[in-house]
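Visitor: I am new to this structure and would like a close look at one part of it. Could you take me to the place where the ligand sits and describe the surroundings?

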Amino acid sequence: MPNAYISGTGGYVPERVVTNDDLVEQYGIDTTHEWIHRRTGIEARRFAEAGVGSADLGEKAARRALEAAGLQPHDLDMILFATLSPEYCFPGSGVFLQEKLGLCEGVNAKFVPALDIRNQCSGFLYGLGTATAMVQSGACKHVLLVGGETHSAALDLSTRGRTVSSLFGDGAGAVVVSATDEDRGVRGWWLGADGRYADVLCQRVWDIRNRPFIPQDEHGVGQVQPEIMWAHMEGKKVFRAAVERMCEAVITACTSQGITGEDIDLWCFHQANMRINQYVANTLGIPEEKLIHNIHKYGNTTAATIPLLMDEAVREGRLTPGMKVAAVGFGSGFTWGSAIIDW
Ligand code: UT7
């Protein structure tokens with residue numbers, strides 16, 4: 001059975017920086033830099049311009065990951081796209097990305113499978129497990145895994161929505177998961193879910209159980225009420241569960257590998273809240289110098305946080321072959337996961 005290793009990483013965030021003060025000054029939200037920073041560690045986030053979608057951000061990250069891996073799009077055998085902010089309800093962002101990468105054109109067209117992953121902040125880890133299994137089974141030699149989000153279009157950027165809208169930002173991260181005979185790569189992945197909490201963090205937009213699924217006015221125009229149009233979050237419940245499940249995911253990962261936290265050289269925690277990550281790190285005795293963060297500059301980019309962290313660490317020379325890396329995440333669903341990688 002081949003091993004599955006990360007042969008290339010890439011990242012992309014939109015140019016437009018929106019600071020906490022900009023939320024007050026440009027959007028009129030009743031908040032302060034101090035409130036957001038003290039509660040979450042966030043200082044700024046990036047917002048994409050209108051007309052830009054998750055597959056556009058994903059394409060830029062993907063091309064960088066392919067270049068780093070020394071591959072062309074036509075070398076890919078599969079695309080996985082983790083996002084909670086796809087262009088459409090259906091189809092998913094994966095097929096948009098496939099077309100943007102030029103895989104559908106000409107005599108060399110390669111109609112590789114494109115699978116969207118709907119697991120929110122755990123999407124990258126669910127994707128990494130899927131990519132690893134596809135490579136280890138021999139079905140694929142190179143799998144492109146993208147986590148990309150365009151949150152800015154779907155945030156209630158008013159005081160009513162401040163609890164959620166001050167947290168999220170746009171961006172994309174990508175990795176190529178490739179087959180190798182070398183003794184390296186993804187050593188294991190662990191995923192979990194608890195559907196009892198599906199409504200605690202969700203963005204409904206509609207409920208397909210209703211007839212019609214979106215209320216219509218007398219002209220047949222759909223009317224989406226603000227309570228379901230925007231994301232809903234019971235923050236304290238999410239915070240508590242995130243700490244508990246992330247600790248559990250780390251312990252499961254280390255126990256399964258017969259290692260301790262001290263054997264890990266670099267920790268890539270999902271970036272939802274700096275306080276959550278500090279709590280988990282303190283509980284498990286993980287030293288600050290082994291943790292990397294990007295929440296202060298990008299906010300919560302959901303499926304993109306972990307691949308963005310990995311890409312930045314590689315490009316800064318903090319993540320090099322031979323290192324043992326742990327990635328851990330938690331999010332809506334609830335869903336969570338972890339992975340141990342010998343880079
Ligand atoms: O990746 C997805 C997973 N998501 C998370 O992991 C998020 C987990 N939860 C959290 O990080 C925290 O719950 C938050 C940072 C979102 C909120 O912190 P909190 O301490 O739980 O605050 P809260 O929601 O209980 O709100 C406390 C007060 C409220 O005012 P009142 O009702 O006490 O008067 C809120 O209206 O803070 C108010 N508030 C704000 N004030 C200024 C909420 N958001 C803001 C804001 N600026 N942006």
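Guide: Happy to! The ligand sits in the second largest pocket. Please keep in mind that this is a predicted model.

Let us begin with the residues around the ligand. The shell holds 20 residues, and those that come nearest are T31, C121, K236, N273 and N300. Sorted by character, the shell has nine nonpolar residues, eight polar ones and three charged ones.

Where along the chain do these residues come from? Domain 1 (3–182) and domain 2 (186–199 + 231–342) each give at least three residues to the shell around the ligand. If you prefer to look by helix, find α2 (33–40), α6 (162–165) and α8 (235–257), each of which supplies at least two shell residues. The largest share belongs to α8, with four residues of the shell.

Now zoom in on some polar atoms. N300, already met as one of the residues that come nearest to the ligand, has a polar side-chain atom 2.7 Å from an oxygen atom of the ligand. T163 places a polar side-chain atom 3.4 Å from a nitrogen atom of the ligand. In W35, an N or O atom of the side chain is 3.5 Å from a nitrogen atom of the ligand. As for cover, the ligand on its own has 960 Å² of accessible area, and the protein covers 73% of that.

Before you leave, here are a few spots in the backbone to look at, with some background to help. Most peptide bonds are trans, and most residues other than glycine have a negative phi.

Start with the loop between β4 (78–82) and α4 (93–100), where you will find P91. The peptide bond that joins F90 and P91 is cis, with an omega of about -5°.

Another cis peptide bond runs from G333 to F334, and its omega is near -15°. To find F334, look in the loop between β13 (324–331) and β14 (335–342).

The last stop is V205, in the loop between β9 (201–202) and α7 (226–229). V205 is a residue other than glycine, yet its phi is positive, near 60°.

To return to your request, keep this picture of the ligand: a place in the second largest pocket, a shell that draws on domain 1 and domain 2, and polar side-chain atoms of N300 and T163 among the surroundings.

Note on methods. Residues numbered from 1 in each chain as written. Predicted model: local features only at pLDDT ≥ 70, side-chain atom pairs only at ≥ 80, totals over all residues. Heavy atoms only, no water. Near = heavy atom within 4 Å. Polar contact = N/O pair within 3.5 Å; in protein donor to acceptor, adjacent residues only side chain to side chain. Areas by Shrake-Rupley, 256 points an atom, 1.4 Å probe, with all protein chains shown as cover. 1 Å grid on protein atoms, 1.4 Å probe; cavity = no way out; pocket = protein on both sides within 12 Å on 5 of 7 lines; lining within 4 Å. Sits in = over half its atoms within 2 Å of the grid points. Nonpolar A, V, L, I, M, F, W, Y, C, P; charged D, E, K, R; others polar. Domains from an automatic or database assignment.
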